[in-house]
Amino acid sequence: MDDRGGGSFVAVRRISQGLDRGNNCHSTSAEVVAGSAAWLGRSLSCVCAQRCESDAHPSFDLTILQEECLQRLQNRIDVNYDSSLHEHQEALRALWNAAFPEDELQGLISEQWKEMGWQGKDPSTDFRGGGFISLENLLYFARNFPKSFQELLRKQQGDRALWEYPFAVAGVNITFMLIQMLDLEAVKPRTSVGAIFLKFLAENESAFDLLYCIAFNLMDHQWLAMHASYMDFNTVMKATRHQLETELLQEDITRLEDLPSYSLLSQ
């Protein structure tokens, strides 16, 4: 997780609602524009590293089960995307098939990937900020909440900005934001939010993936409510993080499905 990304930012210009994808002739509703502002890397560094040096972090004791679940999640976080591994290649193909089942993927390096909101024709270069788990998160979202996944991918809901956030790159940002918010690279949680999450993780090993789906949908909800354009992405991410932390700290929340933002998801 040392290489937090870089390269160029990607903005997606809205042209029409949805993606018009017929037969072999592709007519997309998004125009991808690249620049030199390090969109991915900048959002990661600005949105997620919000900790003050003077903050005092309490230490929370974990049960044996919680320690084991945290270690397994940390092992996932430590895995970089490796384009030479068959498992990783197949996961990337599976993501394409879940996103665009009507279109055959021409290759793991293809201009087609820009339609999903990757910065270039090789998605592997964008996984540096979130690792393989960010691909797993996207795939979990596509498989478990396909309606919400497609609505966000195709920007089908709400009054959209002319310049929209790139779906896939935003997904990598959300993975990284959650890792930071929950302090998952620490030996023990040092925040109440992190400790609460580990209770949920011990009861559901897919808790991180589920929280990712909630966070992604919440981010889009915040995006629309704030009438945001791509230059507002960091502000939207900060608002999303704050809302998630607030909901996780509510006393009546006993599982992730109890979060108010969970109701925004559609299967």
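The following exchange goes through several assignments in this predicted model and the reasoning behind each.

Trainee: Why is the pair of Phe 167 and Phe 216 called stacked?

Mentor: A search of the whole structure finds 15 aromatic pairs, and in this one the ring centres lie 5.0 Å apart with the planes at 25°. Centres within 6.5 Å make a pair and planes under 30 degrees apart count as stacked, so the rings of Phe 167 and Phe 216 are a stacked pair.

Trainee: What makes this pair a tie between parts that are 49 residues apart in sequence?

Mentor: Phe 167 belongs to helix α6 (residues 167–181) and Phe 216 to helix α8 (residues 207–225), so the ring pair ties together parts separated by 49 residues in sequence. Ring pairs also link Phe 167 and Phe 216 with Phe 141, Phe 149 and Tyr 212 into a cluster.

Trainee: How do you know whether Phe 167 is buried or exposed?

Mentor: The cut-off for buried is a relative accessible area under 20%; Phe 167 has 2% and is therefore buried, and Phe 216, at 0%, counts as buried too.

Trainee: Why is Lys 155 said to sit over the ring of Tyr 165, and what is notable about the phi of Lys 155?

Mentor: The charged end of Lys 155 is 4.2 Å from the centre of the Tyr 165 ring, where the criterion asks for a distance within 6 Å and a position within 35 degrees of the ring normal. Most residues other than glycine have a negative phi, whereas Lys 155 has a positive phi of about 50°. Lys 155 is found in the loop between α5 (146–153) and β5 (163–164), and its relative accessible area of 4% makes it buried. His 227, in the loop between α8 and α9 (233–248), also has a positive phi, near 50°, but His 227 is exposed at 63%, since the limit for exposed is over 50%.

Trainee: How do you know that the length of helix α3 agrees with its number of residues?

Mentor: The expected span is 1.5 Å times one less than the number of residues, so the 14 residues of α3 (residues 86–99) should span 20 Å, and the end C-alpha atoms are indeed 20 Å apart. Ala 99, found in this helix, is buried at 0% relative accessibility, and its contacts beyond four places in sequence are Met 116, Phe 149, Gln 150, Leu 153 and Arg 154.

Trainee: What makes Lys 188 and Asp 61 a salt bridge?

Mentor: The separation from N to O is 3.5 Å, and the limit is within 4 Å, so the two side chains qualify as one of the 13 salt bridges in the structure. Lys 188 lies in the loop between α6 and α7 (192–203) and Asp 61 in the loop between α1 (39–48) and α2 (64–77), so this salt bridge ties together parts that are 127 residues apart in sequence.

Trainee: Why is Lys 188 called partly exposed, and how is Asp 61 classed?

Mentor: Partly exposed covers values between the limits for buried and exposed, under 20% and over 50%; Lys 188, at 32%, therefore counts as partly exposed, while Asp 61, at 65%, counts as exposed.

Terms used
Residues numbered from 1 in each chain as written. Predicted model: local features only at pLDDT ≥ 70, side-chain atom pairs only at ≥ 80, totals over all residues. Heavy atoms only, no water. Phe/Tyr/Trp six-rings, centres within 6.5 Å; stacked < 30°, edge-to-face > 60°. Helix = DSSP H or I, 4+ residues; strand = E, 2+ residues; numbered from the N terminus. Buried < 20%, exposed > 50% of the residue type's maximum accessible area, 1.4 Å probe, protein only. Contact = heavy atoms within 4.5 Å.
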